[in-house]
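Dear colleague,

Please find the structure below, handed over for your own inspection. My notes on what was found in it follow.

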Amino acid sequence: VMACGGENATLLPLESFRENMQLVEKQIKGGDPRKRVAETFDIQEFWKRLDLQFQGVSKEATKLSLAFSKPPEPSAKECADLVGCLEASILALVSTFYNLPSDHGDTLRKSVSDSVLNVVHSVQVLASSIIETGLLASGVHHCTQQLDQLPSTGSVWSACDSVSQLPRDNKAAVLAKLQSVSKLVNDALDELEEVASAKGNACSMDDLGLSEMDSGDEESDGDNAVSEWNDEEERMVAPCMGLVKAAKSVLKKVSNAVDVHGSSPSIPPQASELDCIITVFEPLSERVDELVSSVYVPVDKEAVSKNAAALSDVLQNILSVFRGLSLFWEDDHQWTEFLSSAVKHNIDKLRGSQSAACT
């Protein structure tokens, strides 16, 4: 076997494997063009099979890693056999994923797809760690190689173990996604409330979490140390905060409706409705972040107005779409009307404060 940089017959199967995995990754990211319907599909059997195949990939990756962890190094044939088993386990995993019917929900499929992609990527990294470290016939670098392989092997194990955390139907997948969006919105609201409650409504560098950054002007007279909202800007902050609080409430109420009224496992007709909810919520956290960022001193009043209107549009669209779904029940009418009115009230209040400043 030749040293690094030379032709190494033992590593050739690994190089081919890495290239094949890159193609598999590209294919998964491109989406499955075949639309499958449920028919006689057994979701419980699907998860049993998928669990076993994640375990299979972990087992085969471990065998490959161990083979290269110490001398003697495997022969070209032994390496090809090990790589062939790992590749077969990956292809079986991907094939099983593709058997998940599209009418069981795009959000669920995206969750499983991300997990499968993580595994495919992690085995590429493992292969690369073996290839890039190289094998020397003297075995001088085997200790270093073993250390290099430990993190990449651990990443494969972690990626394979993640299957146990996957949502098992579209309802669970949608609730997990809404929870993730809710965390982002809550963080933005906490940030805004912290700034607003600071003494004198001050918005200092520390309030923005930038205290460790060099201002570039340490000799200045202190003009940049603390900046405060003026009366006009302060009047703008309250309705902006009201809009963010409305976003938080919309998330909480819709999540509760999905939890209470959504079927589990998600039946195909309702699975598409759940996907629709994720689609309309998709821009929410970004719109909230843009609005919160625009109220920092120095305040860009035009940006505040634009971002508030954009957030309002997203919230009203969410409420409008939700009212048209089977998940919307009679007892949801009152809170959707209340929150819709709250959003409109805050937009009107913001416009009023800006109009007053112009007179």
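**Overall organisation**

The secondary structure of the protein amounts to eleven helices and zero strands. Please bear in mind that this is a predicted model. Read from the N terminus on, the elements run α-α-α-α-α-α-α-α-α-α-α. The protein has 359 residues, and 45% of them count as buried. Among the contacts with a separation of 6 or more, 82% are made by residues 24 or more positions apart. The accessible surface comes to about 18400 Å², and carbon and sulfur atoms account for 52% of that area.

**Helix α1**

Helix α1 covers residues 12–30, which makes 19 residues. At 1.5 Å a residue it should span 27 Å, and its end C-alpha atoms are indeed 27 Å apart, so the expected and modelled values agree.

The buried residues of α1 are Pro13, Leu14, Phe17, Met21, Val24, Glu25 and Ile28. Seen down the helix axis, these buried residues fall within an arc of 115 degrees, so they line one face of α1. An α-helix has 3.6 residues a turn, so residues three or four places apart point the same way. The partners of this buried set are α2 (43–67), α3 (76–98) and α4 (106–133), against which the buried residues of α1 pack. On the other side of α1, Leu23, Lys26 and Gly30 are exposed. Just after the helix, glycine 31 adopts a positive phi of about 90 degrees.

**Salt bridges**

The structure contains 13 salt bridges. Three pairs and one network are described here.

In the first pair discussed, the side chains of lysine 63 and glutamate 60 meet at 3.4 Å, N to O. Both residues belong to helix α2; because they are three residues apart, about one helical turn separates them. Lysine 63 is partly exposed, with a relative accessible area of 36%, whereas glutamate 60 is buried, at 13%.

Another salt bridge joins the side chains of glutamate 193 and lysine 245 (3.9 Å, N to O). Glutamate 193 lies in helix α6 (residues 170–197) and lysine 245 in helix α7 (residues 231–261), so this pair ties together parts that are 52 residues apart in sequence. Glutamate 193 is partly exposed, with 29% relative accessibility, and lysine 245 is partly exposed as well, with a relative accessible area of 39%.

Helix α7 also contributes glutamate 233, which pairs with lysine 301 of helix α10 (residues 301–323). Their side chains meet in a salt bridge of 3.9 Å, N to O. The two residues are 68 residues apart, and the pair links distant parts of the chain. Lysine 301 is partly exposed, with a relative accessible area of 29%, while glutamate 233 is buried, at 9%.

In addition, Glu286, Arg287 and Glu290 are linked in a network of salt bridges.

**Cysteines**

How many disulfides does the structure hold? With a disulfide taken as a pair of cysteine sulfur atoms within 2.5 Å, the count comes to zero. Cysteine 79 is buried, with a relative accessible area of 0%, and cysteine 240 is buried too, with a relative accessible area of 1%.

With kind regards

Terms used
Residues are numbered from 1 along each chain as its sequence is written. This is a predicted model: local features need pLDDT of at least 70, side-chain atom pairs count only at pLDDT 80 or more; totals for chains, interfaces and linings use all residues. Side-chain values use heavy atoms; hydrogens and water are left out. Buried means under 20% relative accessible area, exposed over 50%, partly exposed in between (1.4 Å probe, protein chains only). Helices (H or I, at least four residues) and strands (E, at least two) are DSSP runs, numbered from the N terminus. The expected span of a helix is 1.5 Å times one less than its number of residues. The arc is that of the directions from the helix axis to the C-beta atoms. Contact means heavy atoms within 4.5 Å. Accessible areas come from the Shrake-Rupley method with a 1.4 Å probe; for residues, only the protein chains shown count as cover. A salt bridge is a side-chain nitrogen of Lys or Arg within 4 Å of a carboxyl oxygen of Asp or Glu.
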